Each structure stands twice: as structure tokens, then as C-alpha cells.
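Q: Please give me a close look at the open space on this one. I'd like to know what lines it and where those residues come from.

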Amino acid sequence: LDTSGYVVLPIESSPLAIDASGDSTRSTAAEELNLVELLDERRFDEGKLIVEVRATARGLIPDLESLVESKVDGYRLAENEDSGVSVIEFDKESLEPVVLSERTWTLSYEAADSAKPAPTEFTFPEPIVDVKEVTYQQYVDADLEDVAASVSLVRSYGSNRQLVTIVSACSAAALLGLIALVVLVRSRGPAVEVDTPGDVASVTPFSLLTRLRTFESDRGVEGKRRVQLQTDIAAIESHFFAGTNGKAEPDLVAIADRWH
């Protein structure tokens, strides 16, 4: 540090020779392998059974096929997502330069034959190499619990799942049909009582207007009859409901008789 600031002096190092021949005696094979297999049924509505396999070891972890038998009775492996090898750090306890690594696979299983019931018991993929420790886990509600190598499934797959889907679809269709029927019946509205000319007391502006609106919704009333109908409706609304009753009161009995 001088009075004007820091001074950076670039110094070139001497070349370092590296032996890249194939006679290396050090193996990068994984040692002290630990496996954690997690069963997840939360995507059962898609017909998928998810198994997550997490591996940690000293050295570089190989492909899944070199570690476990991914074939499971009654199910087929539909998808395998590999996160790739990730180096965590150098092993601080080793006198040799050895790394600690991890690798994760997400396996998606489906029923081997969708037309047949899938097994209700699932056996985790079995290790085919020596492992230091293997742990099996399963989601129970939102919690993780340690389980055995074979577990009973909560959900159904294969034809069991198809049957549930078909029953649900039929129930939904029946419910929609019932709703449509109720809406259709309600849209027709209650039956309108017919006011007869002889029953003068029963002819009120409100009941007569309701009847005329029913006629107005009928597309069969056209031409001069529709014009007359709209004139009668306007006269009743204007006199009895619009507060403009200065004009002569419409003859409700005559209008009711005209549209009887």
C-alpha cells in the first residue's frame, strides 16, 4: 500500500506438468455409497407413481443402472430424470484428493398394463452394488416416514384407477344433466293464470302485464298483433307504473279480453 493506492504486480508462474497417461492408479469409483429412496403418490391422478433416488458417495457416482435395479413388478419405468453428478467438496479426512459427490434421479412409474389392476404393494428399486446405508421413505399426508423396502400403496393404479375415472365421469355427466333439467324447468317460469272477461275483480294491472309479457315472448305474435300488444303494454306501464296517470285509464277488461 503506497500513498497513491494499491499496486498489482502480475507474476507468471512456471508451467506445471500433469501426467495425463492411462496408467493412473487412483480410481474414481464411488465408495461409501448412501442411498435414500422416496416414494411419492401425489401425482396419482396422472396415473404416475414417483420414486426419487438420492445418492451420496466418496468419488464420482455412476449412472442409475450401475446402482439399482429400476424394474419393478407390475409397473414400468415411464421416465427417468437425471440431475447429473454434483461435486460437493473434497473429502477433508482423506490424505488423497478425493471428492464427495451427490446425484438425484426422479423415476416416474406407471402400471405395466393399464387394462389390469396394478399391484397394491410396491417394492423399491433394489441396490445391485454394496452400499453403506439405504433408507426408504414414503409421504404420509404431508410428512415423511421411514418405511420398509416394500410398502402398501394408498392410491390405485391401472384398471383400478380407470374404473374410478369412469365412475367419476358418469357421475359428473348425470349431475350436469340434472342441473340442465332444473334450469330448463325454471326458465319456463310458473304458469300464468288466464284472466277471463267475466272475472273483472281478478284483472289487475300487474297480472295483466305479466300475461302480456308472456305473449310478447312468443315469436308467433307478429305484424299488427305485435304492434297492438306493445301498445297495450306501454299503456299499462305508463299509467299504472310510470307515474304518468294523467291520461285516460286503460280498459283492463277490454285488453284482457283481446288477449284471452
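A: One term before we start: a strand here is a DSSP run of E that is at least two residues long, and the strands are numbered from the N terminus. Keep in mind, too, that this is a predicted model.

Let's begin with the largest pocket, which comes out at about 220 Å³. Its lining is made up of L39, D40, E41, R42, F44, Q138, Y139, V140, D141, V154 and R155. Two strands, strand 1 (31–40) and strand 9 (133–140), put in at least two residues each. Strand 9 is the top contributor, with three; going by its residue range, those are Q138, Y139 and V140. From strand 1 you get L39 and D40. In chemical terms the wall is a mix: five nonpolar residues, five charged ones and one polar.

Two of those lining residues, R42 and Y139, also have a contact worth a look. R42 places its charged end over the ring of Y139, 4.2 Å from the ring centre.

Now for the second largest pocket, at about 190 Å³. Around it you'll find E32, N34, T56, A57, R58, I88, D91, E93, L100, S101 and K132. Strand 1 turns up here again, and along with strand 2 (49–58) and strand 6 (99–111) it supplies at least two lining residues. Strand 2 gives the most, namely three, and its range picks out T56, A57 and R58. The split by class is five charged, three polar and three nonpolar. So strand 1 is a piece to follow by eye, because as a DSSP run it feeds the linings of both the largest pocket and the second largest.

While you have the rings in view, there are four aromatic pairs in the whole structure. Take Y75 and F122: their ring centres are 5.8 Å apart and the planes meet at 75°, which makes the pair edge-to-face. Since Y75 belongs to strand 4 (residues 75–82) and F122 to strand 7 (residues 121–123), this pair ties together parts 47 residues apart in sequence. Both Y75 and F122 are buried. Ring pairs also join them into a cluster with Y109, F124 and Y136.

Note on methods. Residues numbered from 1 in each chain as written. Predicted model: local features only at pLDDT ≥ 70, side-chain atom pairs only at ≥ 80, totals over all residues. Heavy atoms only, no water. 1 Å grid on protein atoms, 1.4 Å probe; cavity = no way out; pocket = protein on both sides within 12 Å on 5 of 7 lines; lining within 4 Å. Points joined across faces, edges and corners; volume = space filled by probe spheres on them. Helix = DSSP H or I, 4+ residues; strand = E, 2+ residues; numbered from the N terminus. Nonpolar A, V, L, I, M, F, W, Y, C, P; charged D, E, K, R; others polar. Phe/Tyr/Trp six-rings, centres within 6.5 Å; stacked < 30°, edge-to-face > 60°. Buried < 20%, exposed > 50% of the residue type's maximum accessible area, 1.4 Å probe, protein only. Lys NZ or Arg CZ within 6 Å of the ring centre and 35° of its normal.
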